[in-house]
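I have opened my notebook for another protein. Come and look through it with me.

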Amino acid sequence: MITPNGDGINDGIDLDLSGFATATFKVWSRWGQKLEEITAPRIIWDGRDRLTGDPVPSGTYFWTLSATRANGMVQDASGYLLVVEK
C-alpha cells in the first residue's frame with residue numbers, strides 16, 4: 001500500500017535493483033491503462049500517471065517487474081498495489 005500524500009511515510013515505491021543488469025517496472029490501472037514504465041537500476045514510483053503527471057486515484061493497481069542479471073537469467077514478479085489518498 002502506498003499513500004502518496006507527501007508525509008514521507010509510504011509515499012511510493014523505491015526498489016534498488018542495482019544487482020541486476022536491467023530492470024523494468026510497469027503499473028496498470030484496473031482497466032488495462034499503462035500508468036508507468038520505468039527501466040532503471042533503481043525504481044521509484046510516486047503514485048503518478050506518467051503521461052499526465054497527475055496522482056492516480058485511490059484504488060488497486062497491477063504491477064509487473066522483469067529484472068535480468070548479468071548472466072542473462074531473468075526474474076519476473078507481479079502483484080497488486082493499493083493506492084490510498086490520505
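Below are my entries on the sheet, the core and the salt bridges of this predicted model.

**Entry 1: the sheet**

I began with the strands. I found that 4 strands form an open sheet in the order 3-2-5-6, with antiparallel pairing. Which strands sit at the edges? I noted strand 3 (34-39) and strand 6 (74-83), each of which pairs on one side only. I also looked up how neighbouring strands of this sheet are turned against each other, and the average is 15°, direction ignored.

**Entry 2: strand 2 and its partners**

Next I followed strand 2, residues 22-28. Its link to strand 5 (residues 59-68) is made by 7 bridges, and the two run antiparallel. On its other side I counted what joins strand 2 to strand 3: there are 5 bridges, again antiparallel. Strand 2 and strand 3 also make a hairpin, with 5 residues between them. In that turn I stopped at G32, which has a positive phi of about 85°.

Then I picked single residues. K26 has T64 as its bridge partner in strand 5. V27 has a bridge partner in each of two strands: W63 in strand 5 and E36 in strand 3.

**Entry 3: a closer look at T24**

T24 belongs to strand 2. Which side chain does the side chain of T24 meet in a polar contact? I found T39, at 3.0 Å. Leaving out residues up to four places away in sequence, T24 touches E37, I38, T39, T64, L65 and S66.

**Entry 4: the nonpolar core**

I turned to the inside. In soluble globular proteins, nonpolar side chains tend to be buried together. Here the largest nonpolar core has 17 residues. Which of them have the most contacts inside it? My note says F25 and W45. Strand 2, strand 3, strand 4 (42-45), strand 5 and strand 6 are the elements that give two or more residues to this core.

I listed the neighbours of W45 too, not counting residues up to four places away in sequence. W45 touches I2, G12, I13, F25 and V27, and also E36, I38, V56, L81 and V83.

**Entry 5: the salt bridges**

How many salt bridges does the structure hold? I found 3, and I went through them one by one.

- D14 pairs with R42, and their closest N and O atoms are 2.5 Å apart. D14 lies in strand 1 (residues 13-16) and R42 in strand 4, so this pair ties together parts that are 28 residues apart in sequence.
- E37 and K34 meet through their side chains at 2.5 Å, N to O.
- D46 and R48 meet through their side chains at 3.6 Å, N to O.

**Entry 6: buried or exposed?**

Last, I checked how open these charged residues are. Partly exposed covers the range between under 20% (buried) and over 50% (exposed) relative accessible area.

D14 has 45% relative accessibility, so D14 counts as partly exposed. Its partner R42 is partly exposed as well, with a relative accessible area of 46%. For the second pair, I wrote down 34% for E37, which is partly exposed, and 26% for K34, also partly exposed. In the third pair, D46 is partly exposed at 38%, and R48 is partly exposed at 36%.

Technical notes
Residues are numbered from 1 along each chain as its sequence is written. This is a predicted model: local features need pLDDT of at least 70, side-chain atom pairs count only at pLDDT 80 or more; totals for chains, interfaces and linings use all residues. Side-chain values use heavy atoms; hydrogens and water are left out. Two strands pair if DSSP finds at least two bridges between them. Axes are lines fitted to C-alpha atoms, for helices over the stretch in contact, and angles run from 0 to 180 degrees between N-to-C directions. A polar contact is a pair of N or O atoms within 3.5 Å; within protein, one must be able to donate a hydrogen and the other to accept it, and residues adjacent in sequence count only if both atoms are side-chain atoms. Contact means heavy atoms within 4.5 Å. A nonpolar core is a set of buried Ala, Val, Leu, Ile, Met, Phe, Trp, Tyr and Cys residues joined through side-chain atoms within 4.5 Å. Buried means under 20% relative accessible area, exposed over 50%, partly exposed in between (1.4 Å probe, protein chains only). A salt bridge is a side-chain nitrogen of Lys or Arg within 4 Å of a carboxyl oxygen of Asp or Glu.
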